[in-house]
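Student: I have a model open and want to learn how to read its features. Where do we begin?

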Amino acid sequence: MLTDYLQSYLGGLAEQLDWDSTDYDFIISETLELYGVDTEAQATDSKKLHALAKVITWKTVLREVTFNYDFSADGASYKRSQMYDLAKQNLDEAMTNALEYLPVYEILSGEMTTEHDPYIYLDYSGRSL
């Protein structure tokens, strides 16, 4: 079950976020939509399912910790933004690992012709505004 997988994957972070099993409903719904199926049973490629779930999980974590801010009190400094930075790094890694399953973006290359070559010198000394 994907909920169990995600709880194990997040480990102690889920406790810090104060998540319980119902908090994973959104992640699972979004993951299945990205996968292109309606139910978890239809998602037959577990590697793809887990890769997409990690992307959605880290996006959700980022949304949850967006308002964590650094502050100082009683002579101590608290760097709550570290959780955001860590989640962002994990999202980047998850996106890289899930690239083969994410919607494909096409980059086209070709020849472009212009009226003037931008790399040749043009003499403007005789011109005035």
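Tutor: Begin with one side chain. At 49% relative accessibility, Tyr69 counts as partly exposed, because the exposed class starts over 50%. This is a predicted model. Tyr69 sits in the loop between helix 4 (46–65) and strand 1 (70–73).

Student: Which residues form a nonpolar patch with Tyr69?

Tutor: Phe71 and Tyr78. Together the three offer about 300 Å² of accessible area on the surface.

Student: How far should I trust the coordinates?

Tutor: Where pLDDT is low, the predicted coordinates should not be read in detail. Here the chain averages 87, and 96% of the residues score at least 70. Confidence is lowest in strand 2 (residues 76–79), with a mean of 76. Helix 3 (residues 25–35) is highest, at 95.

Student: What span does helix 4 reach?

Tutor: Its 20 residues cover 28 Å from first C-alpha to last, close to the 28 Å expected at 1.5 Å a residue. At the start of helix 4, a side-chain oxygen of Asp45 comes to within 3.2 Å of the backbone nitrogen of Lys47.

Student: How do I read salt bridges?

Tutor: Side chains of opposite charge can pair when their charged atoms come close. The count here is two salt bridges. Glu64 pairs with Arg63, with the closest N and O atoms 3.9 Å apart. That falls within the 4 Å cut-off. Glu64 is partly exposed at 41%, and Arg63 is partly exposed at 47%.

Student: Where does the Asp92 and Lys88 pair sit?

Tutor: In helix 5 (residues 81–98). The two are four residues apart, so about one helical turn separates them. Their N to O distance is 2.8 Å. Asp92 is partly exposed at 39%, as is Lys88 at 34%.

Definitions and conventions:
Residues numbered from 1 in each chain as written. Predicted model: local features only at pLDDT ≥ 70, side-chain atom pairs only at ≥ 80, totals over all residues. Heavy atoms only, no water. Patch = residues over 30% accessible without salt bridge, like charges linked within 9 Å, V, L, I, M, F, W, Y side chains within 5 Å. Areas by Shrake-Rupley, 256 points an atom, 1.4 Å probe, with all protein chains shown as cover. Salt bridge = Lys/Arg side-chain N within 4 Å of Asp/Glu carboxyl O. Buried < 20%, exposed > 50% of the residue type's maximum accessible area, 1.4 Å probe, protein only. Expected span 1.5 Å × (residues − 1). Polar contact = N/O pair within 3.5 Å; in protein donor to acceptor, adjacent residues only side chain to side chain. pLDDT = per-residue confidence, 0-100.
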